[in-house]
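These questions and answers concern a predicted model. Each answer works towards the value or name requested.

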Amino acid sequence: MIFTHDTEHALDVMVDLVNSAADGAEGLPDLAALAVFVDGTGASDVPPLTAADLAEVRALRARFREIFDAPETARVVPLINGLLAEVRTAPYLTDHDGHGWHVHYFAQGSRIGEHLAVDCGMALAYVAAAGELDRLSSCAAEGCDRVLVDLSRNRCRRFCDSRTCGNRAHVAAYRARRRAG
Ligand SMILES: [Zn+2]
Ligand SMILES: [Zn+2]
């Protein structure tokens, strides 16, 4: 593991959120879709979802996308700080739902947009502080605009986790090997 479990989980959630708008599709068209997404994040203590939440989450998604598009420290640090300055934070230790002790940064009763901004914003802050922002990238497959965070030790990931790109990567590697052989 490169970062803590919480940080890596938040990075996964951020990637899923950004990719919900990839390739020109709207993966969060309505509140039902948002509810499924929120469920998948494992976020606890989220107030009932409203249309305002949907708008807030989509706006946040666009800001995360901006970070992936050019993950350079000088450009990204103000974006991360801006994100964290806007939301209520109230760090505390918790071991809810059988998880080990970990820190929640979002204030209790936070809306889902605040929740995501704090969790993903803090995760980005740790990544930036560790000088690891180059682990954020866009998929190298032609015609794919999904994003990824490479959490492999040897930083070898270039493609997103969609089946299509994984296969394309496979085929490309196979062809390269054949050419080399
Ligand atoms: Zn938790
Ligand atoms: Zn891809």
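Q: What is the N to O distance in the salt bridge between R88 and E114, and where do the two residues lie?
A: The side chains of R88 and E114 are joined by a salt bridge. This pair links distant parts of the chain, 26 residues apart, with R88 in the loop between α4 (73-86) and β1 (89-94) and E114 in helix α5 (residues 112-129). The N to O distance is 3.0 Å.

Q: Is E114 buried or exposed?
A: Buried means under 20% relative accessible area. The partner R88 has 42% relative accessibility and therefore counts as partly exposed. E114 has a relative accessibility of 6%, so E114 is buried.

Q: Which residues are linked in a network of salt bridges?
A: The structure holds 11 salt bridges. One of them joins R88 and E114, and both of these residues belong to a network of salt bridges. The members of that network are E56, R88, R111 and E114.

Q: Why does the salt bridge of D134 and R155 tie together separate parts of the sequence, and what is its N to O distance?
A: D134 lies in the loop between α5 and β3 (136-138), while R155 lies in the loop between β4 (147-149) and α6 (163-180), so the pair ties together parts that are 21 residues apart in sequence. D134 has a relative accessible area of 54% and is therefore exposed, whereas R155, at 38%, is partly exposed. The N to O distance between their side chains is 2.9 Å.

Q: In which helix do R65 and D69 both lie?
A: R65 forms a salt bridge with D69, and the closest N and O atoms are 3.1 Å apart. D69 counts as partly exposed because its relative accessibility is 48%. The two residues are 4 residues apart, about one turn of the helix, and the helix in which both lie is α3 (residues 51-69).

Q: What is the geometry of the site of the zinc ion (ligand 2)?
A: The protein donors are the SG atoms of C139, C144, C160 and C165, at 2.2 to 2.4 Å from the zinc ion (ligand 2). Four donors count as tetrahedral if all angles lie between 85 and 135 degrees. The angles among the 4 donor atoms are 106 to 115 degrees, and the site is tetrahedral.

Q: How are the donor residues of the zinc ion (ligand 2) spaced in sequence?
A: The donor residues are C139, C144, C160 and C165. Among them, C160 counts as buried because its relative accessibility is 4%, and C165 is buried at 1%. The spacing in sequence is C-x4-C-x15-C-x4-C.

Q: Which spacing do the donors of the zinc ion (ligand 1) follow along the chain?
A: The protein donors of this zinc ion (ligand 1) are H96, H102 and H104, each through NE2, at 2.0 to 2.1 Å. H102 and H104 are buried. Along the chain the donors follow H-x5-H-x1-H.

Q: Which residues are the closest to the centre of the largest pocket?
A: The largest pocket has a volume of about 590 Å³, and 28 residues line it. H102 and H104, which are donors of the zinc ion (ligand 1), are among the residues closest to the pocket centre. The full set of closest residues is D6, H9, H102, H104 and D119.

Q: Which element gives the largest share of the lining of the largest pocket?
A: The elements that give two or more residues to the lining are α1, β2 (102-106) and α5. The largest share is 7 residues, and the element that gives it is α5.

Q: With which residues is N19 in contact, leaving aside its neighbours within four places in sequence?
A: N19 is placed in helix α1 (residues 5-19). N19 counts as buried because its relative accessibility is 9%. With those neighbours left aside, the contacts of N19 are R146 and V147.

Q: What is the phi of D97, and is D97 buried or exposed?
A: D97 is found in the loop between β1 and β2. Its phi is near 50 degrees, a positive value in a residue other than glycine. The relative accessible area of D97 is 66%, so D97 is exposed.

Q: What is the phi of D23?
A: D23 lies in the loop between α1 and α2 (31-41). D23 counts as partly exposed because its relative accessibility is 44%. Phi of D23 is positive, in a residue other than glycine, and is near 55 degrees.

Terms used:
Residues are numbered from 1 along each chain as its sequence is written. Chains are lettered from A and ligands numbered from 1 in the order in which they are written. This is a predicted model: local features need pLDDT of at least 70, side-chain atom pairs count only at pLDDT 80 or more; totals for chains, interfaces and linings use all residues. Side-chain values use heavy atoms; hydrogens and water are left out. Donors are N, O and S atoms within 2.8 Å of the metal (3.2 Å for Na, K and Ca); water is not among the atoms, so sites may look incomplete. Four donors count as tetrahedral if all angles lie between 85 and 135 degrees; four count as square planar and six as octahedral if opposite donors are over 155 degrees apart and all others between 65 and 115; anything else is irregular. Buried means under 20% relative accessible area, exposed over 50%, partly exposed in between (1.4 Å probe, protein chains only). A salt bridge is a side-chain nitrogen of Lys or Arg within 4 Å of a carboxyl oxygen of Asp or Glu. Contact means heavy atoms within 4.5 Å. On a 1 Å grid over the protein atoms alone, a cavity is a set of points where a 1.4 Å probe fits but cannot get out, and a pocket is an open set with protein on both sides within 12 Å along at least five of seven lines; lining residues have an atom within 4 Å of a point. Grid points are joined across faces, edges and corners, and a volume is the space filled by probe spheres set on the points.
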